[in-house]
Amino acid sequence: MTPPVLSVRNLVVAIPSRAGVSRPVNNISYDIAQGEILGVVGESGAGKSMAGNAVIGLLDRPAHIASGEVWLNGRRIDNLGPEELRRIRGRQIGMVFQDPLTSLNPLLRIGDQLTETIREHLPMTAAQARDRAVAALEEVGIPAAAERLNSYPHEFSGGMRQRVVIALALCAEPSLVIADEPTTALDVSVQAQIIALLKRLCRDRGTAVMLVTHDMGVIAEAADRVAVMYAGRLAELGPVRSVINTPRHPYADGLMGAMPSLAVGQRRLRQIPGAMPRPMNIPSGCAFSPRCPRAADKCRIDPPPTLGDDPKGRAACWFPMEHPA
Amino acid sequence: MTAFVEVTRLGRSFDVSKPWLNRVIERLPRRRLVAVSDVSFQIEEGAVYALVGESGSGKSTIGRMLAGLMTPSEGAVRVAGSDLHADSGARKTARIQMIFQDPYASLNPRWRVRRIICEPMVVTGGETEGLAERLLEQVGLSAEDADKFPHEFSGGQRQRICIARALAANPRLIICDEPTSALDVSVQAQVLNLMSDLRDELGLTYMFISHDLTVVRHMADRIGVLYLGRLMEEATPAQLFTRPRHPYTQMLLAAAPLIDGRTRDIDLPRGEVPDPISPPPGCAFNPRCPFAVELCRKQRPELRDVDGVRVACHLAEQIGTPPAP
């Protein structure tokens with residue numbers, strides 16, 4: 001078995017402040033294999049973006065990795081200096097962010113942005129880099145790619161811009177792509193195109209993808225496995241179909257019940273009472289216990305088993321839900 | 001019997017020309033953006049009418065004209081029998097309120113919740129004693145919250161305050177413009193359930209604007225599908241989701257990610273929404289339509305009845321519908 005492209009072990013991100021230390025990412029472990037798409041889903045404040053940014057060393061001060069390890073292709077990267085990390089970003093890890101307009105430089109032609117990235121990471125002449133940029137744009141489905149090199153970002157539509165961003169993320173052939181809400185700013189019809197594109201490119205090249213989103217629909221369409229985050233911790237991790245159809249963690253179950261698409265014909269949606277706790281006052285024991293219909297005394301005292309240590313474990317819960325076959 | 005809300009041949013265009021000096025020097029013509037064009041529909045009292053569409057389809061513009069916040073360029077809106085824009089007293093008797101998308105932007109941060117909620121009643125000159133407390137409890141908050149400021153609440157709670165404010169003046173029609181798009185799924189479920197309950201208790205009529213097909217399917221009694229400011233299809237959720245008639249509706253349904261536990265192979269949507277300043281001649285959807293014939297490029301189809309569904313497509317009878325998803 002080939003080792004995973006990305007391996008995160010017991011990662012903790014801490015933000016110290018005057019009121020104390022908050023941990024927006026608390027002890028999470030997961031692997032992403034070659035050619036696999038791991039969906040990371042959660043509501044706002046669950047720490048999903050922070051988990052992605054920690055991997056690529058893009059945490060804003062004072063947030064920092066307090067403990068845990070990040071391994072990329074068998075090399076530990078969480079303790080590297082800023083210069084070494086910069087070389088890894090783009091070359092080995094590509095990034096796609098939510099808003100395609102802000103992730104492109106509005107003052108540079110997209111051809112210049114692509115060739116700059118390519119020459120930064122690969123030993124190429126300007127002409128070679130230009131050919132490669134054209135090939136990259138053609139691959140993401142931009143018509144008349146050679147002419148569009150001279151266009152500025154504002155001359156593209158939203159969907160086309162996100163294609164450019166994907167071309168930019170993939171042009172140095174990274175082994176891992178972190179896509180943070182890549183389709184949230186786009187319309188449904190364009191969203192379907194972008195998801196299909198991301199899936200095709202990663203399958204063809206064997207790129208591993210960490211797809212961070214709040215949209216369970218996108219996860220269901222694109223991901224192989226899904227990690228459900230709640231209050232900085234992994235609540236459930238498993239194959240996407242199993243988690244959707246037979247969720248084991250009560251939070252994952254509540255989340256599925258709250259989706260209008262799964263409640264066709266029902267008068268009311270199932271709702272989870274209350275709201276996600278703030279990172280400064282996460283309840284002791286299981287973070288979900290105050291909202292959990294199955295919570296017992298044990299849940300309020302002992303933190304549930306951590307996911308990832310046991311490869312068979314799916315839900316971080318003392319009393320996971322059983323689903324009769 | 002006449003419907004509660006009657007919208008006839010509604011149209012709205014915006015002047016997006018450059019300043020007159022530029023037009024004179026650069027010899028540019030005036031440019032008009034047609035946001036809404038020839039839209040007619042009716043809403044029965046106590047019903048939920050939903051408008052769905054992608055960005056730029058004119059759904060919010062229609063909502064604003066229905067609320068009286070914008071005057072139509074063509075056509076008329078009649079609410080409870082009187083013309084909203086011609087008759088100056090009509091807006092008061094119609095008792096229309098609105099709920100907006102962003103609960104962070106639609107509450108005055110310097111006002112206490114009590115003042116925010118009572119404002120519609122103060123304007124109409126009614127009794128406000130105890131009003132805020134009663135309404136807060138009705139929307140699932142507590143009476144003590146009346147003395148707090150908006151920043152002390154989460155997104156879902158703020159949207160509840162917006163709903164309480166909308167209820168203050170005893171409305172008959174509430175226009176909800178993407179009321180849950182800024183909320184997380186579990187909070188969205190809470191707000192949608194609350195809206196359904198209030199409709200049953202108070203006999204409200206909702207005009208529901210959304211881009212999310214799953215939410216619309218859950219909430220609406222009748223759905224209008226908009227594309228480039230034109231009504232393409234209007235049907236009940238059952239009709240629309242089991243047998244979409246218009247090729248655009250078919251494309252939207254195929255593109256929307258479904259959490260049905262199946263992997264689907266779909267024909268990806270072609271192209272993107274065209275520029276509304278220069279829409280294609282004939283049917284607005286013809287450049288992206290897989291069935292388009294010569295007639296579609298020349299003549300704009302009228303909205304007409306086909307088996308109890310209103311469709312604006314020349315080929316509505318011939319087009320085979322794909323098997324229900």
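Reader: Let's start with B:F208: which residues does B:F208 touch, not counting those up to four places away in sequence?
Author: Keep in mind that this is a predicted model. B:F208 is one of three residues that touch the most other members of the largest nonpolar core. Leaving out residues up to four places away in sequence, B:F208 touches B:V48, B:Y49, B:A50, B:C176, B:V216, B:M219 and B:A220.

Reader: And how many residues are in the largest nonpolar core?
Author: B:F208 shares its top rank there with A:L211 and A:V228, so to speak, as these three touch the most other members. The number of residues in that core is 190.

Reader: Over to chain A: what is the strand order in the open sheet with mixed pairing?
Author: Take β3(A) as a starting point. Five bridges join β3(A) to β8 (residues 208-213) of chain A, running parallel, and four bridges join β3(A) to β9 (residues 225-230), also running parallel. At another place in the sheet, β6(A) is joined to β7 (residues 176-180) by four bridges, again parallel. With six strands in total, the order is β6-β7-β8-β3-β9-β10.

Reader: Why is one side of β6 and of β10 in chain A left without a neighbour in the sheet?
Author: β6 (93-96) and β10 (233-239) of chain A stand at the edges of the sheet. One side of each is left without a neighbour because each has a single partner strand.

Reader: By how many degrees are neighbouring strands of this sheet turned against each other on average?
Author: The sheet in question is the open one of six strands in chain A. With direction ignored, the average turn between neighbouring strands is 15 degrees.

Reader: Which residues stand opposite A:L38 in β8(A) and in β9(A)?
Author: A:L38 belongs to β3(A), which is bridged to β8(A) and to β9(A). In β8(A) the residue opposite A:L38 is A:M210, and in β9(A) it is A:R225.

Reader: Is β3 (residues 37-41) of chain A mostly covered or mostly open, and how many of its residues are buried?
Author: Side chains in a regular strand alternate between the two faces of the sheet. In β3(A), A:I37, A:G39 and A:V41 lie on one side and A:L38 and A:V40 on the other, and all of them are buried. That makes β3(A) mostly covered, with the buried count at five of five.

Reader: What about the side of chain A that touches chain B: which helix gives the most to it?
Author: In this contact, 35 residues of chain A meet 29 residues of chain B. α7 (188-205), α8 (216-222), α9 (240-245) and α10 (250-257) of chain A each supply at least two residues. By class, that side of chain A has 18 nonpolar, eleven polar and six charged residues. The top contributor, with six residues, is α7(A).

Reader: Which elements are included in what covers the buried residues of α10(B)?
Author: Helix α10 (residues 247-255) of chain B is mostly covered, with eight of its nine residues buried. Among the buried ones are B:P247, B:Y248 and B:M251. The cover includes α7 of chain A, plus α8 (213-219), β9 (222-227), β10 (230-235) and α9 (237-242) of chain B.

Reader: Does B:I319 count as buried, exposed or partly exposed?
Author: B:I319 is in the segment after β12 (309-311) of chain B. Apart from neighbours within four places in sequence, B:I319 is in contact with B:P247 and B:F291. Buried would take 20 or more C-beta neighbours within 10 Å, and exposed 12 or fewer. B:I319 has 18 inside 10 Å, so the verdict is partly exposed.

Reader: At what angle do α4 and α6 of chain B pack?
Author: Two packed helices are described by the angle between their axes and the distance between the axes. For α4 (residues 113-124) and α6 (residues 155-167) of chain B, the axes are 6 Å apart and the angle is about 35 degrees.

Reader: And which residues of α6(B) make that contact?
Author: By class, the contact has six nonpolar, no polar and two charged residues. From α4(B) come B:V113, B:I116, B:I117, B:E119 and B:P120, and from α6(B) come B:I161, B:A164 and B:R165.

How values were computed:
Residues are numbered from 1 along each chain as its sequence is written. Chains are lettered from A and ligands numbered from 1 in the order in which they are written. This is a predicted model: local features need pLDDT of at least 70, side-chain atom pairs count only at pLDDT 80 or more; totals for chains, interfaces and linings use all residues. Two residues are in contact if their C-beta atoms, placed from the backbone, lie within 7 Å. Axes are lines fitted to C-alpha atoms, for helices over the stretch in contact, and angles run from 0 to 180 degrees between N-to-C directions. Ala, Val, Leu, Ile, Met, Phe, Trp, Tyr, Cys and Pro count as nonpolar, Asp, Glu, Lys and Arg as charged, and the others, Gly among them, as polar. Two strands pair if DSSP finds at least two bridges between them. A nonpolar core is a set of buried Ala, Val, Leu, Ile, Met, Phe, Trp, Tyr and Cys residues joined through C-beta atoms within 7 Å.
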